[in-house]
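Please look at the sequence and the structure shown here, and keep both in view while reading. The paragraphs that follow go from the whole chain to single helices, then to pairs of helices, and finally to a few particular residues.

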Amino acid sequence: MATGRLGVGETLGALNTALGPGEPVWFKETRARHLRARDFLAPRPALQARFGDGQVPEHVVRAVAGLQGPGVAPVLRCEPTPAGLALQLQRPAVFERVLGAVTAYAAPAAPAAPGLRVLLHCPALRGDPGALRLSQLRAVLVADHLARALRAHGASVRLVPAVRDPHMRAFLQQLLVDWPAASEKAATEALRNLPMAELSPAPDGGALPPGVLGTVCLKEVMRERGCAAGYDPNVDKCLVTEDLLSVLAELQAAVRHWPGDGPPDLAVAPDADAEGCMVLHVVSCEEEFQQQKLDLLWWKLDEQAPRTQKHLVCGPVKAASALTAPEYYEPTDSTPSDPTWTEVFSVLSAATIKFEMLSTAPQSQLLLTLADGSISTKGTKSGTFVMYNCARLATLFEGYKHSTEQGLYPTFPPVNSLDFSLLQDEGEWLLLFNGVLPFPELLSQTAALACAAPGFHATARTEMMCKFLVQLSMNFSSYYNRVHILGVSTQHGGRGGGSLQGCKGSKGGDQQAPSLLQEPRPHLFGQMFARLQLLRAVREVLHAGLATLGLPPLNHI
(Lines give C-alpha, C1' and ligand atoms only; values in the text may rest on other atoms or scores of the structure.)
Protein backbone atom coordinates (compact mmCIF):
# COMPACT_ATOMS: atom_id res chain seq x y z
CA MET A 1 0.00 0.00 0.00
CA ALA A 2 1.39 3.43 -0.96
CA THR A 3 2.36 5.74 1.86
CA GLY A 4 2.38 9.51 2.37
CA ARG A 5 -0.54 11.77 3.19
CA LEU A 6 -2.53 13.06 0.24
CA GLY A 7 -3.50 16.71 0.38
CA VAL A 8 -6.03 18.91 -1.38
CA GLY A 9 -3.60 21.83 -1.26
CA GLU A 10 -0.75 19.79 -2.72
CA THR A 11 -2.99 18.50 -5.51
CA LEU A 12 -4.31 21.95 -6.38
CA GLY A 13 -0.80 23.36 -6.36
CA ALA A 14 0.44 20.68 -8.75
CA LEU A 15 -2.56 21.16 -11.06
CA ASN A 16 -2.00 24.90 -11.31
CA THR A 17 1.72 24.43 -11.89
CA ALA A 18 0.97 22.01 -14.71
CA LEU A 19 -1.01 24.72 -16.55
CA GLY A 20 2.02 27.01 -16.61
CA PRO A 21 2.60 30.54 -15.23
CA GLY A 22 -0.42 32.52 -14.14
CA GLU A 23 -3.04 32.85 -11.43
CA PRO A 24 -4.52 29.66 -9.89
CA VAL A 25 -7.53 28.42 -11.83
CA TRP A 26 -8.32 24.96 -10.46
CA PHE A 27 -10.80 24.39 -7.65
CA LYS A 28 -12.05 21.36 -5.77
CA GLU A 29 -15.65 20.30 -6.35
CA THR A 30 -17.83 19.81 -3.29
CA ARG A 31 -21.38 19.34 -4.59
CA ALA A 32 -22.64 15.79 -5.01
CA ARG A 33 -24.07 16.37 -8.50
CA HIS A 34 -20.73 17.64 -9.79
CA LEU A 35 -18.73 14.90 -8.06
CA ARG A 36 -20.59 12.31 -10.10
CA ALA A 37 -18.48 13.36 -13.08
CA ARG A 38 -15.42 15.20 -11.79
CA ASP A 39 -13.38 16.02 -8.68
CA PHE A 40 -11.54 19.18 -9.81
CA LEU A 41 -12.39 21.78 -12.45
CA ALA A 42 -10.51 24.53 -14.27
CA PRO A 43 -13.44 26.74 -15.43
CA ARG A 44 -13.66 27.67 -19.10
CA PRO A 45 -13.57 31.49 -18.52
CA ALA A 46 -10.32 31.13 -16.58
CA LEU A 47 -8.85 28.93 -19.32
CA GLN A 48 -9.85 31.49 -21.98
CA ALA A 49 -8.01 34.17 -20.02
CA ARG A 50 -4.96 31.90 -19.79
CA PHE A 51 -4.88 30.39 -23.29
CA GLY A 52 -6.71 32.98 -25.39
CA ASP A 53 -9.20 30.76 -27.26
CA GLY A 54 -9.71 28.56 -24.20
CA GLN A 55 -8.20 25.54 -25.93
CA VAL A 56 -5.73 23.90 -23.58
CA PRO A 57 -2.74 22.51 -25.50
CA GLU A 58 -2.74 18.75 -25.74
CA HIS A 59 0.64 18.43 -24.06
CA VAL A 60 -0.71 20.36 -21.05
CA VAL A 61 -3.72 18.05 -20.79
CA ARG A 62 -1.38 15.04 -20.92
CA ALA A 63 0.83 16.59 -18.23
CA VAL A 64 -2.18 17.09 -15.97
CA ALA A 65 -3.44 13.55 -16.58
CA GLY A 66 -0.05 12.12 -15.66
CA LEU A 67 0.42 14.31 -12.60
CA GLN A 68 2.45 12.83 -9.73
CA GLY A 69 4.29 14.12 -6.68
CA PRO A 70 4.33 14.21 -2.87
CA GLY A 71 0.81 14.62 -1.54
CA VAL A 72 -0.71 14.68 -5.05
CA ALA A 73 -3.77 12.46 -5.48
CA PRO A 74 -3.51 9.98 -8.39
CA VAL A 75 -5.34 11.13 -11.53
CA LEU A 76 -7.65 8.87 -13.54
CA ARG A 77 -8.42 11.19 -16.45
CA CYS A 78 -8.44 14.82 -17.52
CA GLU A 79 -10.61 16.00 -20.40
CA PRO A 80 -12.16 19.18 -21.84
CA THR A 81 -15.87 19.65 -21.12
CA PRO A 82 -18.33 22.53 -21.73
CA ALA A 83 -17.69 23.66 -18.14
CA GLY A 84 -13.91 23.63 -18.54
CA LEU A 85 -11.09 21.19 -17.96
CA ALA A 86 -12.47 18.39 -15.75
CA LEU A 87 -10.34 16.02 -13.75
CA GLN A 88 -11.33 12.83 -11.97
CA LEU A 89 -9.14 10.98 -9.50
CA GLN A 90 -8.43 7.28 -9.25
CA ARG A 91 -10.95 6.87 -6.49
CA PRO A 92 -10.11 3.31 -5.34
CA ALA A 93 -6.46 4.35 -5.06
CA VAL A 94 -7.41 7.47 -3.10
CA PHE A 95 -9.60 5.39 -0.77
CA GLU A 96 -6.68 3.02 -0.25
CA ARG A 97 -4.15 5.77 0.49
CA VAL A 98 -6.40 7.66 2.89
CA LEU A 99 -8.06 4.77 4.69
CA GLY A 100 -4.74 3.00 5.08
CA ALA A 101 -3.43 5.88 7.24
CA VAL A 102 -6.50 7.15 9.08
CA THR A 103 -4.69 8.83 12.00
CA ALA A 104 -2.69 11.02 9.60
CA TYR A 105 -5.93 12.68 8.47
CA ALA A 106 -7.08 13.57 11.98
CA ALA A 107 -4.05 15.83 12.54
CA PRO A 108 -3.07 19.24 11.10
CA ALA A 109 -1.53 19.31 7.63
CA ALA A 110 1.63 20.98 8.95
CA PRO A 111 2.76 21.79 12.51
CA ALA A 112 3.06 25.34 13.74
CA ALA A 113 6.35 27.21 13.42
CA PRO A 114 8.84 25.91 16.00
CA GLY A 115 8.66 27.86 19.23
CA LEU A 116 5.40 29.64 18.38
CA ARG A 117 4.02 31.13 21.59
CA VAL A 118 0.62 32.77 21.80
CA LEU A 119 -0.81 34.54 24.84
CA LEU A 120 -4.62 34.62 24.59
CA HIS A 121 -6.16 37.30 26.75
CA CYS A 122 -9.93 37.40 27.29
CA PRO A 123 -10.79 40.37 29.57
CA ALA A 124 -14.48 39.36 29.79
CA LEU A 125 -13.49 36.75 32.38
CA ARG A 126 -12.58 39.44 34.91
CA GLY A 127 -16.20 40.53 35.26
CA ASP A 128 -19.18 39.40 37.29
CA PRO A 129 -20.40 36.07 35.87
CA GLY A 130 -24.00 37.01 36.59
CA ALA A 131 -23.66 40.10 34.36
CA LEU A 132 -21.70 38.44 31.54
CA ARG A 133 -23.15 39.70 28.25
CA LEU A 134 -23.81 37.46 25.27
CA SER A 135 -21.13 39.28 23.28
CA GLN A 136 -18.65 38.56 26.08
CA LEU A 137 -19.71 34.90 26.17
CA ARG A 138 -19.01 34.77 22.45
CA ALA A 139 -15.50 36.14 23.02
CA VAL A 140 -14.87 33.51 25.72
CA LEU A 141 -15.98 30.65 23.45
CA VAL A 142 -13.93 31.99 20.52
CA ALA A 143 -10.83 32.22 22.75
CA ASP A 144 -11.33 28.69 24.08
CA HIS A 145 -11.80 27.22 20.59
CA LEU A 146 -8.83 29.15 19.21
CA ALA A 147 -6.61 27.96 22.08
CA ARG A 148 -7.52 24.33 21.40
CA ALA A 149 -6.97 24.73 17.65
CA LEU A 150 -3.58 26.37 18.18
CA ARG A 151 -2.49 23.62 20.57
CA ALA A 152 -3.63 20.93 18.15
CA HIS A 153 -1.44 22.73 15.62
CA GLY A 154 1.57 22.47 17.93
CA ALA A 155 1.66 26.02 19.30
CA SER A 156 2.35 26.82 22.94
CA VAL A 157 -0.62 28.74 24.33
CA ARG A 158 -1.21 30.55 27.63
CA LEU A 159 -4.59 31.81 28.75
CA VAL A 160 -5.13 35.02 30.73
CA PRO A 161 -6.72 35.96 33.08
CA ALA A 162 -6.70 33.12 35.54
CA VAL A 163 -10.27 33.00 36.84
CA ARG A 164 -10.69 33.74 40.54
CA ASP A 165 -14.47 33.92 40.92
CA PRO A 166 -15.77 30.43 41.84
CA HIS A 167 -19.12 31.15 40.17
CA MET A 168 -17.35 32.03 36.92
CA ARG A 169 -15.29 28.84 37.16
CA ALA A 170 -18.47 26.78 37.69
CA PHE A 171 -20.14 28.47 34.70
CA LEU A 172 -17.15 27.77 32.46
CA GLN A 173 -17.16 24.12 33.55
CA GLN A 174 -20.82 23.86 32.55
CA LEU A 175 -19.89 25.14 29.11
CA LEU A 176 -16.92 22.74 28.90
CA VAL A 177 -14.51 25.68 28.64
CA ASP A 178 -11.02 24.79 29.86
CA TRP A 179 -9.55 27.88 31.54
CA PRO A 180 -6.95 28.26 34.31
CA ALA A 181 -7.97 29.31 37.81
CA ALA A 182 -6.26 31.43 40.47
CA SER A 183 -6.96 32.33 44.07
CA GLU A 184 -5.54 35.88 44.23
CA LYS A 185 -4.58 38.86 42.13
CA ALA A 186 -1.18 39.20 40.51
CA ALA A 187 1.41 41.20 42.47
CA THR A 188 1.87 44.76 41.18
CA GLU A 189 5.09 45.77 42.94
CA ALA A 190 7.22 45.69 39.78
CA LEU A 191 4.91 48.10 38.01
CA ARG A 192 4.28 50.27 41.07
CA ASN A 193 8.02 50.82 41.54
CA LEU A 194 8.36 52.57 38.19
CA PRO A 195 9.80 56.09 38.33
CA MET A 196 7.12 58.58 39.21
CA ALA A 197 8.01 60.45 36.04
CA GLU A 198 6.14 57.78 34.10
CA LEU A 199 2.87 58.89 35.70
CA SER A 200 1.58 62.44 35.43
CA PRO A 201 -0.13 64.15 38.37
CA ALA A 202 -3.61 65.59 38.16
CA PRO A 203 -3.93 68.62 35.87
CA ASP A 204 -3.65 72.08 37.50
CA GLY A 205 -2.12 70.48 40.58
CA GLY A 206 -5.51 69.19 41.76
CA ALA A 207 -6.12 65.98 43.66
CA LEU A 208 -6.44 62.71 41.81
CA PRO A 209 -9.68 60.73 42.14
CA PRO A 210 -9.66 58.08 44.90
CA GLY A 211 -7.70 54.99 43.87
CA VAL A 212 -5.99 56.70 40.93
CA LEU A 213 -2.18 56.63 41.01
CA GLY A 214 -1.63 59.00 38.12
CA THR A 215 -2.38 59.59 34.45
CA VAL A 216 -0.62 58.68 31.21
CA CYS A 217 -0.96 60.42 27.85
CA LEU A 218 -1.57 57.56 25.44
CA LYS A 219 -1.31 59.70 22.31
CA GLU A 220 2.34 60.22 23.19
CA VAL A 221 2.79 56.45 23.39
CA MET A 222 1.26 56.06 19.94
CA ARG A 223 3.64 58.67 18.53
CA GLU A 224 6.66 57.07 20.20
CA ARG A 225 5.71 53.62 18.95
CA GLY A 226 4.52 54.75 15.53
CA CYS A 227 1.40 52.63 15.97
CA ALA A 228 -1.52 55.02 15.61
CA ALA A 229 -3.06 53.03 12.74
CA GLY A 230 -6.37 51.51 13.78
CA TYR A 231 -6.60 53.06 17.22
CA ASP A 232 -9.70 54.98 18.20
CA PRO A 233 -9.03 58.73 17.80
CA ASN A 234 -10.66 59.29 21.21
CA VAL A 235 -7.93 57.32 22.99
CA ASP A 236 -6.09 60.01 24.96
CA LYS A 237 -5.38 59.99 28.67
CA CYS A 238 -5.60 56.95 30.89
CA LEU A 239 -6.21 56.97 34.65
CA VAL A 240 -3.85 54.41 36.18
CA THR A 241 -5.44 52.49 39.03
CA GLU A 242 -4.38 49.59 41.21
CA ASP A 243 -6.81 47.29 39.35
CA LEU A 244 -5.31 48.32 36.01
CA LEU A 245 -1.82 47.61 37.29
CA SER A 246 -2.99 44.18 38.47
CA VAL A 247 -4.23 43.37 34.96
CA LEU A 248 -0.91 44.45 33.46
CA ALA A 249 1.05 42.55 36.11
CA GLU A 250 -0.74 39.32 35.20
CA LEU A 251 -0.06 39.85 31.50
CA GLN A 252 3.57 40.71 32.24
CA ALA A 253 4.07 37.60 34.38
CA ALA A 254 2.42 35.36 31.78
CA VAL A 255 4.78 36.55 29.06
CA ARG A 256 7.99 36.52 31.11
CA HIS A 257 7.47 33.20 32.89
CA TRP A 258 6.35 30.84 30.18
CA PRO A 259 5.81 27.21 31.21
CA GLY A 260 8.22 24.73 29.70
CA ASP A 261 7.16 22.00 27.32
CA GLY A 262 7.42 19.32 30.00
CA PRO A 263 4.86 18.10 32.53
CA PRO A 264 2.77 20.76 34.31
CA ASP A 265 4.56 20.20 37.65
CA LEU A 266 7.95 21.22 36.23
CA ALA A 267 9.35 24.68 36.97
CA VAL A 268 8.45 27.46 34.54
CA ALA A 269 10.98 28.90 32.13
CA PRO A 270 11.90 32.30 33.65
CA ASP A 271 12.63 35.44 31.66
CA ALA A 272 11.24 34.17 28.37
CA ASP A 273 11.87 36.39 25.37
CA ALA A 274 8.83 38.66 25.10
CA GLU A 275 9.59 39.40 21.45
CA GLY A 276 9.03 35.73 20.62
CA CYS A 277 5.47 35.86 21.94
CA MET A 278 2.35 37.14 20.24
CA VAL A 279 -0.36 38.55 22.46
CA LEU A 280 -3.89 38.21 21.15
CA HIS A 281 -6.63 40.05 23.01
CA VAL A 282 -9.99 38.40 22.27
CA VAL A 283 -12.57 41.05 23.14
CA SER A 284 -16.19 41.89 22.55
CA CYS A 285 -16.89 45.01 20.53
CA GLU A 286 -17.93 46.79 23.76
CA GLU A 287 -14.54 46.08 25.37
CA GLU A 288 -12.34 47.11 22.45
CA PHE A 289 -11.87 50.76 23.44
CA GLN A 290 -10.73 49.92 26.97
CA GLN A 291 -8.40 47.23 25.64
CA GLN A 292 -6.74 49.72 23.28
CA LYS A 293 -5.92 51.88 26.29
CA LEU A 294 -4.56 48.88 28.17
CA ASP A 295 -2.25 47.94 25.28
CA LEU A 296 -0.72 51.38 25.12
CA LEU A 297 -0.38 51.60 28.89
CA TRP A 298 1.46 48.27 28.92
CA TRP A 299 3.95 49.57 26.38
CA LYS A 300 4.38 52.76 28.42
CA LEU A 301 4.99 51.10 31.78
CA ASP A 302 6.87 47.98 30.69
CA GLU A 303 9.75 48.36 28.26
CA GLN A 304 9.79 44.56 27.81
CA ALA A 305 6.14 44.33 26.77
CA PRO A 306 5.68 42.25 23.58
CA ARG A 307 5.87 44.27 20.43
CA THR A 308 3.19 42.15 18.76
CA GLN A 309 -0.20 42.79 20.32
CA LYS A 310 -3.27 42.08 18.22
CA HIS A 311 -7.00 42.38 18.82
CA LEU A 312 -9.57 39.82 17.71
CA VAL A 313 -12.78 41.82 18.09
CA CYS A 314 -15.96 39.75 18.22
CA GLY A 315 -19.00 41.35 16.65
CA PRO A 316 -22.21 42.13 18.55
CA VAL A 317 -24.76 39.46 19.47
CA LYS A 318 -28.38 40.38 18.81
CA ALA A 319 -31.32 38.52 20.34
CA ALA A 320 -35.05 39.21 20.51
CA SER A 321 -34.82 39.68 24.27
CA ALA A 322 -32.06 41.02 26.49
CA LEU A 323 -30.34 38.07 28.14
CA THR A 324 -27.22 37.64 30.18
CA ALA A 325 -25.00 34.66 29.46
CA PRO A 326 -26.26 32.63 32.47
CA GLU A 327 -29.87 33.34 31.44
CA TYR A 328 -29.07 32.20 27.91
CA TYR A 329 -27.69 28.92 29.26
CA GLU A 330 -30.47 28.37 31.81
CA PRO A 331 -33.31 27.27 29.44
CA THR A 332 -31.20 24.32 28.30
CA ASP A 333 -30.15 23.47 31.85
CA SER A 334 -33.14 21.40 33.01
CA THR A 335 -31.34 18.31 34.23
CA PRO A 336 -33.17 15.01 33.54
CA SER A 337 -34.31 12.89 36.46
CA ASP A 338 -32.27 9.88 35.35
CA PRO A 339 -28.71 10.40 36.67
CA THR A 340 -27.24 8.32 33.84
CA TRP A 341 -28.37 10.98 31.37
CA THR A 342 -27.03 13.96 33.30
CA GLU A 343 -23.62 13.96 31.61
CA VAL A 344 -25.14 13.44 28.16
CA PHE A 345 -27.55 16.30 28.69
CA SER A 346 -24.75 18.56 29.92
CA VAL A 347 -22.68 17.84 26.79
CA LEU A 348 -25.69 18.45 24.53
CA SER A 349 -26.38 21.80 26.23
CA ALA A 350 -22.77 22.93 25.78
CA ALA A 351 -22.72 21.71 22.17
CA THR A 352 -25.91 23.58 21.34
CA ILE A 353 -24.54 26.87 22.68
CA LYS A 354 -21.08 26.47 21.15
CA PHE A 355 -22.40 25.71 17.68
CA GLU A 356 -24.86 28.60 17.94
CA MET A 357 -22.13 31.04 19.00
CA LEU A 358 -19.26 29.77 16.82
CA SER A 359 -20.95 29.01 13.48
CA THR A 360 -20.71 32.66 12.41
CA ALA A 361 -17.38 34.35 11.67
CA PRO A 362 -16.34 35.97 14.96
CA GLN A 363 -15.88 39.42 13.42
CA SER A 364 -19.48 39.45 12.10
CA GLN A 365 -22.69 40.29 13.90
CA LEU A 366 -24.46 37.24 15.30
CA LEU A 367 -28.26 37.01 15.28
CA LEU A 368 -29.59 34.52 17.80
CA THR A 369 -32.86 32.82 16.91
CA LEU A 370 -34.66 32.04 20.13
CA ALA A 371 -37.79 29.88 20.34
CA ASP A 372 -39.87 30.57 23.43
CA GLY A 373 -36.90 32.28 25.05
CA SER A 374 -34.43 29.45 24.47
CA ILE A 375 -32.10 28.40 21.68
CA SER A 376 -33.30 25.84 19.22
CA THR A 377 -31.87 22.31 19.28
CA LYS A 378 -33.77 21.23 16.16
CA GLY A 379 -32.62 21.01 12.57
CA THR A 380 -29.47 19.73 10.92
CA LYS A 381 -27.29 22.74 11.75
CA SER A 382 -27.36 22.46 15.54
CA GLY A 383 -24.75 21.02 17.86
CA THR A 384 -27.32 18.46 18.97
CA PHE A 385 -27.52 17.07 15.43
CA VAL A 386 -23.74 16.67 15.28
CA MET A 387 -23.61 14.95 18.67
CA TYR A 388 -26.50 12.68 17.68
CA ASN A 389 -24.58 11.44 14.66
CA CYS A 390 -21.48 11.02 16.79
CA ALA A 391 -23.54 8.69 19.01
CA ARG A 392 -24.89 6.83 15.96
CA LEU A 393 -21.33 6.07 14.89
CA ALA A 394 -20.49 4.82 18.37
CA THR A 395 -23.57 2.59 18.36
CA LEU A 396 -22.64 1.18 14.96
CA PHE A 397 -19.16 0.14 16.07
CA GLU A 398 -20.42 -1.17 19.39
CA GLY A 399 -22.92 -3.29 17.45
CA TYR A 400 -20.16 -4.67 15.25
CA LYS A 401 -17.96 -5.43 18.27
CA HIS A 402 -20.78 -7.21 20.10
CA SER A 403 -21.68 -9.28 17.03
CA THR A 404 -18.04 -10.23 16.50
CA GLU A 405 -17.75 -11.42 20.09
CA GLN A 406 -20.78 -13.63 19.46
CA GLY A 407 -19.13 -15.08 16.36
CA LEU A 408 -21.66 -13.54 14.00
CA TYR A 409 -19.03 -11.60 12.02
CA PRO A 410 -15.39 -12.37 11.27
CA THR A 411 -12.76 -10.29 13.07
CA PHE A 412 -11.63 -7.21 11.21
CA PRO A 413 -8.92 -8.11 8.67
CA PRO A 414 -5.67 -6.15 8.12
CA VAL A 415 -6.43 -2.84 6.44
CA ASN A 416 -3.97 -3.51 3.64
CA SER A 417 -6.04 -6.54 2.64
CA LEU A 418 -9.27 -4.57 2.10
CA ASP A 419 -10.70 -4.05 -1.38
CA PHE A 420 -11.67 -0.38 -1.54
CA SER A 421 -12.93 -0.71 -5.12
CA LEU A 422 -16.11 -1.99 -3.41
CA LEU A 423 -16.81 1.58 -2.21
CA GLN A 424 -18.88 2.81 -5.15
CA ASP A 425 -21.79 4.60 -3.50
CA GLU A 426 -21.63 8.36 -4.11
CA GLY A 427 -22.17 8.95 -0.40
CA GLU A 428 -18.94 7.11 0.34
CA TRP A 429 -16.93 9.41 -1.91
CA LEU A 430 -18.63 12.45 -0.36
CA LEU A 431 -17.55 11.33 3.11
CA LEU A 432 -13.96 10.79 2.04
CA PHE A 433 -13.44 13.64 -0.43
CA ASN A 434 -15.34 16.36 1.46
CA GLY A 435 -14.75 15.03 4.97
CA VAL A 436 -11.66 12.97 5.69
CA LEU A 437 -9.28 14.14 2.93
CA PRO A 438 -9.50 17.94 3.53
CA PHE A 439 -9.63 17.77 7.34
CA PRO A 440 -5.87 18.25 8.03
CA GLU A 441 -5.87 21.49 6.06
CA LEU A 442 -9.06 22.61 7.81
CA LEU A 443 -7.34 22.12 11.18
CA SER A 444 -4.46 24.29 10.02
CA GLN A 445 -6.79 26.98 8.67
CA THR A 446 -8.75 27.06 11.94
CA ALA A 447 -5.53 27.81 13.84
CA ALA A 448 -4.37 30.44 11.33
CA LEU A 449 -4.44 34.05 12.50
CA ALA A 450 -4.41 36.82 9.91
CA CYS A 451 -2.03 39.21 11.69
CA ALA A 452 0.20 40.46 8.88
CA ALA A 453 -1.90 43.49 7.96
CA PRO A 454 -0.91 46.89 9.40
CA GLY A 455 -2.62 47.92 12.60
CA PHE A 456 -3.53 45.82 15.58
CA HIS A 457 -6.59 43.92 14.34
CA ALA A 458 -6.45 40.19 13.67
CA THR A 459 -9.02 37.93 12.06
CA ALA A 460 -9.67 34.24 12.58
CA ARG A 461 -11.79 31.59 10.88
CA THR A 462 -13.14 29.89 13.97
CA GLU A 463 -16.52 29.31 12.28
CA MET A 464 -14.99 26.83 9.83
CA MET A 465 -14.94 23.88 12.23
CA CYS A 466 -18.64 24.11 13.17
CA LYS A 467 -19.69 24.39 9.53
CA PHE A 468 -17.47 21.46 8.59
CA LEU A 469 -18.81 19.21 11.36
CA VAL A 470 -22.40 20.04 10.46
CA GLN A 471 -21.82 19.19 6.79
CA LEU A 472 -19.94 16.01 7.68
CA SER A 473 -22.82 14.96 9.94
CA MET A 474 -25.36 15.67 7.20
CA ASN A 475 -23.40 13.58 4.70
CA PHE A 476 -23.00 10.74 7.18
CA SER A 477 -26.67 10.84 8.21
CA SER A 478 -27.83 10.68 4.59
CA TYR A 479 -25.49 7.77 3.88
CA TYR A 480 -26.34 5.91 7.09
CA ASN A 481 -30.07 6.22 6.43
CA ARG A 482 -29.72 4.74 2.92
CA VAL A 483 -27.05 2.08 3.21
CA HIS A 484 -26.86 -1.07 5.31
CA ILE A 485 -23.39 -1.03 6.82
CA LEU A 486 -23.31 -4.33 8.71
CA GLY A 487 -23.98 -7.37 6.56
CA VAL A 488 -22.60 -9.20 3.53
CA SER A 489 -22.70 -8.22 -0.12
CA THR A 490 -23.03 -10.51 -3.12
CA GLN A 491 -22.37 -7.72 -5.62
CA HIS A 492 -20.20 -4.64 -5.84
CA GLY A 493 -21.45 -1.17 -4.98
CA GLY A 494 -24.84 0.46 -5.35
CA ARG A 495 -26.99 1.56 -2.42
CA GLY A 496 -25.74 -1.18 -0.13
CA GLY A 497 -25.73 -3.71 -3.01
CA GLY A 498 -27.06 -7.03 -1.76
CA SER A 499 -26.64 -6.25 1.92
CA LEU A 500 -28.40 -8.55 4.30
CA GLN A 501 -31.42 -6.94 5.84
CA GLY A 502 -31.58 -6.93 9.58
CA CYS A 503 -27.95 -7.01 10.76
CA LYS A 504 -27.68 -5.59 14.24
CA GLY A 505 -26.31 -2.06 14.16
CA SER A 506 -27.42 -1.29 10.62
CA LYS A 507 -30.33 1.06 10.18
CA GLY A 508 -30.77 1.22 13.95
CA GLY A 509 -32.83 -1.91 14.67
CA ASP A 510 -32.49 -4.60 12.02
CA GLN A 511 -32.43 -8.26 13.00
CA GLN A 512 -29.67 -10.80 12.46
CA ALA A 513 -29.76 -13.17 9.49
CA PRO A 514 -28.77 -16.49 11.11
CA SER A 515 -28.76 -18.52 7.90
CA LEU A 516 -25.61 -16.75 6.70
CA LEU A 517 -23.98 -16.34 10.09
CA GLN A 518 -23.83 -19.98 11.12
CA GLU A 519 -20.61 -20.39 9.10
CA PRO A 520 -19.02 -16.97 8.46
CA ARG A 521 -17.44 -16.58 5.05
CA PRO A 522 -14.96 -13.68 5.29
CA HIS A 523 -14.74 -13.10 1.53
CA LEU A 524 -18.44 -12.14 1.49
CA PHE A 525 -17.87 -9.37 4.02
CA GLY A 526 -15.43 -7.33 1.90
CA GLN A 527 -17.79 -4.41 1.30
CA MET A 528 -18.82 -4.30 4.96
CA PHE A 529 -15.19 -4.10 6.10
CA ALA A 530 -14.38 -1.40 3.52
CA ARG A 531 -17.37 0.63 4.71
CA LEU A 532 -16.44 0.17 8.36
CA GLN A 533 -12.91 1.41 7.66
CA LEU A 534 -14.34 4.47 5.92
CA LEU A 535 -16.58 5.18 8.90
CA ARG A 536 -13.66 4.68 11.27
CA ALA A 537 -11.95 7.52 9.44
CA VAL A 538 -15.13 9.62 9.68
CA ARG A 539 -15.29 8.90 13.40
CA GLU A 540 -11.63 9.91 13.91
CA VAL A 541 -12.16 13.18 12.05
CA LEU A 542 -15.41 13.91 13.89
CA HIS A 543 -13.79 13.30 17.29
CA ALA A 544 -10.76 15.46 16.40
CA GLY A 545 -13.03 18.29 15.27
CA LEU A 546 -15.17 18.11 18.41
CA ALA A 547 -11.99 18.18 20.52
CA THR A 548 -11.17 21.65 19.15
CA LEU A 549 -14.55 22.74 20.53
CA GLY A 550 -13.98 21.09 23.90
CA LEU A 551 -16.78 18.58 23.28
CA PRO A 552 -16.29 14.91 24.20
CA PRO A 553 -17.73 12.29 21.83
CA LEU A 554 -21.02 10.74 22.91
CA ASN A 555 -21.45 6.97 22.98
CA HIS A 556 -25.24 7.08 23.22
CA ILE A 557 -28.01 9.62 23.03
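## A walk through the chain

The secondary structure of this chain comes to 19 helices and 16 strands, and it should be kept in mind throughout that the model is a predicted one. The chain has 557 residues, of which 51% count as buried. If one takes the contacts in the chain with a separation of 6 or more, 75% of them are accounted for by residues that are 24 or more positions apart.

A good place to begin is helix α9, which is made up of residues 218-225 and whose buried residues are L218, V221 and M222. These residues lie on the same side of α9, because the arc that they cover around the axis is only 100 degrees. A general rule helps in reading such a pattern: an α-helix has 3.6 residues a turn, so residues that are three or four places apart point the same way. On the other side of α9 one finds R223 and E224, which are exposed. What, then, covers the buried residues of α9? The cover includes the strands β7 (212-217) and β8 (237-241) together with helix α11 (288-301).

We can now turn from one helix to pairs of them. Two packed helices are described by the angle between their axes and by the distance between the axes. Helix α13 (residues 342-358) and helix α17 (residues 463-482) have axes that come within 8 Å and cross at roughly 120 degrees, and the two helices are therefore oblique to each other. The crossing in which α13 passes α17 is left-handed. On the side of α13 the contact is made by K354, F355 and L358, and on the side of α17 by E463, C466, L469 and V470. Sorted by character, the residues of this contact comprise five that are nonpolar and two that are charged, with no polar ones.

Helix α17 also packs against helix α19 (residues 526-547), at an angle of about 155 degrees and with the axes 10 Å apart. Angles over 145 degrees count as roughly antiparallel, and α17 and α19 are therefore described in that way. Their crossing, too, is left-handed. In this contact M465, F468, L469, L472, S473, F476 and Y479 of α17 meet R531, L535, V538, V541, L542, G545 and L546 of α19. The residues involved divide into 11 nonpolar, two polar and one charged. L469 is one of the α17 residues in the contact with α13, and L469 is also among those that meet α19.

Some single residues deserve a closer look as well. Y329 is found in helix α12 (residues 325-329), and Y329 counts as buried because its relative accessibility is 3%, where the cut-off for buried is under 20%. Leaving aside residues up to four places away in sequence, Y329 touches F171, Q174, L175, S349 and I353. Although Y329 and F171 are 158 residues apart along the chain, their C-alpha atoms are separated by 9.3 Å.

Finally, two details of the backbone can be located in loops. The peptide bond that runs from V160 to P161 is cis, with omega near 5 degrees, and P161 lies in the loop between β6 (156-160) and α7 (166-174). L176 is not a glycine, yet it has a positive phi of about 60 degrees. The loop between α7 and α8 (189-192) is where L176 is placed. Is L176 buried, partly exposed or exposed? Its relative accessibility is 23%, and L176 therefore counts as partly exposed.

Key
Residues numbered from 1 in each chain as written. Predicted model: local features only at pLDDT ≥ 70, side-chain atom pairs only at ≥ 80, totals over all residues. Heavy atoms only, no water. Buried < 20%, exposed > 50% of the residue type's maximum accessible area, 1.4 Å probe, protein only. Helix = DSSP H or I, 4+ residues; strand = E, 2+ residues; numbered from the N terminus. Arc of directions from axis to C-beta. Contact = heavy atoms within 4.5 Å. Axes fitted to C-alpha atoms, helices over the stretch in contact; angles between N-to-C directions. Parallel < 35°, antiparallel > 145°, perpendicular 65-115°, else oblique. Left-handed = near helix turned anticlockwise from the far one by under 90°. Nonpolar A, V, L, I, M, F, W, Y, C, P; charged D, E, K, R; others polar.
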